[in-house]
Amino acid sequence: MSGVEQNVTDPYLWLEDVTAEAALDWARARNDVVRRRFTATDRFTDLERRILAMLDDDTKIAFPGRRGQWLYNFWRDADHPRGLWRRTTFESYATDDPEWDVLIDVDALAEADGENWVWAGAAVLRPSQERAIIHLSRGGADATVEREFDMTTRRFIAPEDGGFFLPEAKSRIGWIDADTVYVGTDFGPGSLTDSGYPRIAKRWRRGTELAAAETVFEGKPSDVSISAGYDRHPGFERHYLHRSTDFFNSEVSLLDNGEWRLIETPTDADVDWYRDWLLVRLKTEWTPGETTFAPGSLLVTDINDFLAGGREFEVLFAPDPHTSLESWGWTENHLILTTLRDVQTGLRVLTPGPDGWTSSELADSPAMSSTSVNNLDPLEGGDEFMLTTTGFTTPTTLLSSAIGEQATILKQAPGYFDAEGIEAEQYFATSDDGTAVPYFVIRHRDRRGTPGPTIVDGYGGFEISRTPAYLGAAGMAWLEKGGTFVMANIRGGGEYGPEWHTAALKEHRHRAFEDFAAVARDLVDRGITTPDRLGAKGGSNGGLLMGVMLTRYPELFGAIVCQVPLLDMRRYHLLLAGASWVAEYGDPDKPEEWAYISEYSPYQNTDPARQYPPILLATSTRDDRVHPGHARKMAALLESENRTVWYYENIEGGHGGAADNKQAAHLSALVYEFFTQMLMEGRRSA
């Protein structure tokens with residue numbers, strides 16, 4: 001059945017018209033129902049207040065981004081709900097009361113412009129740091145407006161004064177020098193890929209019209225995106241081109257005598273370089289010369305030798321069944337690796353030398369926590385870096401260090417819930433094919449031996465790892481009340497490297513669903529909960545997971561929260577950025593691929609004869625990544641089948657579902673109030 005034929009029989013297709021008044025009126029009517037049921041109590045008001053106070057707290061860590069001498073930070077609090085973009089020096093930041101230099105007040109800017117601006121980041125020109133390209137989103141959408149900003153005068157530079165400016169689009173823009181940028185944007189008909197991202201990369205010079213920008217590369221409409229950039233490392237300057245042919249395959253080229261020269265590595269590999277070192281992290285097996293390297297390996301060679309035809313590599317990291325490479329980053333003279341062993345962090349430092357590379361342990365990461373390396377700046381930061389450590393019940397700590405030195409605490413986040421007696425444990429469930437699937441259980445020690453209300457959170461896609469992190473909102477909303485929180489590390493993620501991800505790609509997607517169901521059953525078998533007191537929660541790709549749990553495994557759960565989800569997998573590739581995910585899920589327009597997608601697509605697989613648990617569907621009108629039509633249509637379909645369904649749509653907020661702290665607090669409180677009523681109080685009727 002073609003997409004066109006299927007559309008004729010879809011009675012809720014009109015809900016895909018995002019801003020149509022009829023669709024918005026439909027959403028507002030259901031928002032009113034949700035508010036009356038879940039937000040009109042003192043308990044909700046108190047919880048929302050506590051979560052907002054946490055998000056607005058002046059004593060929380062102001063996480064910095066280092067660019068040479070400056071530490072930049074974007075900050076939101078009660079007085080600045082849209083936020084402040086500011087900077088300070090390391091010396092000031094290390095004090096208890098840093099002196100912040102405010103560059104842009106987004107609240108004041110929004111008021112002056114009469115726009116609903118949401119901060120989307122900045123590209124600062126280095127090394128001078130006198131100019132920046134500011135990314136501003138209307139209402140939290142992925143599409144942004146690009147405006148040049150003078151860091152000295154603290155003013156935007158108007159296009160008529162020679163400033164770089166791009167109207168709203170999913171643009172890519174980056175500095176080459178003070179008067180030149182690489183740009184990809186909506187240049188007009190045919191300039192975007194089928195996924196809605198730039199298809200053409202151009203070099204744009206100050207003082208010229210965008211239409212006169214020089215084209216440096218054109219991709220195909222079927223590509224996901226095209227972007228060009230400039231590596232300004234002194235003595236190793238390089239122009240590079242990145243062509244994403246699908247979500248997981250790309251070609252990287254370097255500019256050589258006016259021509260783009262392809263780096264001939266596997267298209268699904270991660271490619272990185274620093275000075276003359278070329279790093280390749282494999283996702284599938286590769287035999288570049290006489291040696292075969294395993295998926296998940298990190299390889300290194302001299303980039304000039306490689307471009308000249310050499311294929312000799314040294315292995316910097318080799319995976320094993322329990323250990324994967326999570327990330328890496330350079331200091332001036334060293335390479336730092338972050339690994340995961342059964343979802344527990346390890347850190348190592350590697351150093352190149354005349355006799356090869358040496359390796360040593362960098363730092364310990366406490367059990368049931370995760371540690372990440374931040375603020376590496378090999379251009380101007382020497383061998384200094386920062387570490388961020390967090391655990392389920394342990395507030396985040398930010399440390400400062402350098403290679404060969406002991407780390408010292410810079411900042412310590414406050415605690416926001418009573419964690420006394422709350423513990424984290426790790427278990428393994430057995431999936432249908434015998435695979436051991438890890439998951440974390442966080443609960444008060446007094447809950448052991450007594451089944452209780454439990455929420456299990458899952459994602460399982462795009463090689464994204466779920467690692468321990470402080471449960472601020474869940475702690476005050478759920479753990480303090482005696483609830484149990486579970487984080488599942490199902491296939492499709494990256495917890496055990498690329499093969500953990502590819503095991504659930506396309507026709508193997510069912511494995512991610514089976515893994516999550518196995519965790520749910522294991523929680524019951526261990527006496528942690530019962531099906532009627534077990535809730536499930538997930539967003540985006542995790543929202544698809546929740547849709548499958550509802551339609552395929554409804555007997556395992558007492559309630560489900562499904563946020564910014566994909567649900568109509570027959571049309572997902574036609575909606576917004578959906579075409580970019582065909583490499584993850586498959587192409588519904590190919591009969592052989594629709595055959596397996598159709599087996600699980602939630603919108604096509606509701607069964608009026610089966611009983612479903614209550615579900616809360618939440619999305620955002622301004623989400624221009626996952627179309628709100630998925631959640632709208634599913635809610636309408638479930639209503640037509642007389643299911644217990646609640647629907648909430650934030651009229652702004654983007655893919656995150658919230659545009660500021662107040663909206664984020666409201667949504668979070670809504671989710672936990674829903675679970676409280678469904679799982680702790682048993683109030684499951686609409």
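Helices (H or I, at least four residues) and strands (E, at least two) are DSSP runs, numbered from the N terminus. The exercises below use a predicted model, in which local features need pLDDT of at least 70, side-chain atom pairs count only at pLDDT 80 or more, and totals for chains, interfaces and linings use all residues. Residues are numbered from 1 along each chain as its sequence is written, and side-chain values use heavy atoms, with hydrogens and water left out.

**Exercise 1. The chain as a whole**

Task: State how many helices and strands the chain has, and decide why its radius of gyration does or does not agree with a compact globule.

Solution.
- Step 1. The secondary structure comes to 14 helices and 37 strands.
- Step 2. The radius of gyration is taken over C-alpha atoms, and the globule rule is 2.2 Å times the number of residues to the power 0.38.
- Step 3. For 686 residues the rule gives a value near 26 Å; the chain has 25 Å, so the two agree.
- Step 4. The C-alpha trace spans about 65 × 55 × 55 Å along its principal axes.
- Step 5. Of the 686 residues, 58% count as buried (under 20% relative accessible area; exposed is over 50%, partly exposed in between; 1.4 Å probe, protein chains only).
- Step 6. Contact means heavy atoms within 4.5 Å. Among contacts between residues at least 6 apart in sequence, 57% join residues at least 24 apart.

**Exercise 2. Arg 147**

Task: Place Arg 147 in the secondary structure, say whether Arg 147 is buried or exposed, and find the side chain that makes a polar contact with that of Arg 147.

Solution.
- Step 1. Strand β7, residues 144-150, holds Arg 147.
- Step 2. The relative accessible area of Arg 147 is 17%, so the residue is buried.
- Step 3. A polar contact is a pair of N or O atoms within 3.5 Å; within protein, one must be able to donate a hydrogen and the other to accept it, and residues adjacent in sequence count only if both atoms are side-chain atoms.
- Step 4. The side chain of Asp 113 is the partner, at 2.9 Å.
- Step 5. Beyond four places in sequence, the residues that Arg 147 touches include Asp 113, Trp 117, Phe 156, Phe 164 and Phe 165.

**Exercise 3. Arg 87 and Ser 137**

Task: For Arg 87 and Ser 137, give the strand, the burial class and a polar contact of the side chain.

Solution.
- Step 1. Arg 87 belongs to strand β3, residues 80-89, and is buried at a relative accessible area of 7%.
- Step 2. The side chains of Arg 87 and Tyr 72 form a polar contact of 2.8 Å.
- Step 3. Not counting residues up to four places away, Arg 87 also touches others, among them Glu 99, Asp 101, Met 151 and Arg 154.
- Step 4. Ser 137 lies in strand β6 and counts as buried at 2% relative accessibility.
- Step 5. From Ser 137, the side chain reaches the backbone nitrogen of Gly 140 at 3.1 Å.
- Step 6. Outside four places in sequence, the contacts of Ser 137 include Asn 116, Trp 117 and Val 118.

**Exercise 4. Backbone exceptions**

Task: Find where the cis peptide bond lies at Pro 127, and compare the settings of Arg 275 and Ser 540.

Solution.
- Step 1. Most residues other than glycine have a negative phi, and most peptide bonds are trans.
- Step 2. The bond between Arg 126 and Pro 127 is cis, with omega about 10 degrees.
- Step 3. Pro 127 is in the loop between β5 (117-124) and β6 (131-138).
- Step 4. Arg 275, not a glycine, has a positive phi of about 50 degrees. Its place is the loop between β18 and β19 (277-281), and Arg 275 is partly exposed at 25% relative accessibility.
- Step 5. Ser 540, not a glycine, has a positive phi of about 65 degrees. Ser 540 sits in the loop between β34 (534-539) and α10 (541-552), and is buried at 14%.

**Exercise 5. Two partly exposed strand residues**

Task: For Asp 270 and Phe 74, list the strand and some contacts.

Solution.
- Step 1. Asp 270 is in strand β18, residues 270-274, and is partly exposed at 26%.
- Step 2. Leaving aside neighbours within four places, the contacts of Asp 270 are Leu 279, Val 280, Arg 281, Lys 283 and Trp 328. The C-alpha atoms of Asp 270 and Lys 283 are 8.0 Å apart.
- Step 3. Phe 74 is in strand β2, residues 70-77, and is partly exposed at 25%.
- Step 4. With the same neighbours left aside, contacts of Phe 74 include Arg 82, Trp 85 and Trp 119. From Phe 74 to Trp 119, 45 residues along the chain, the C-alpha separation is 8.5 Å.
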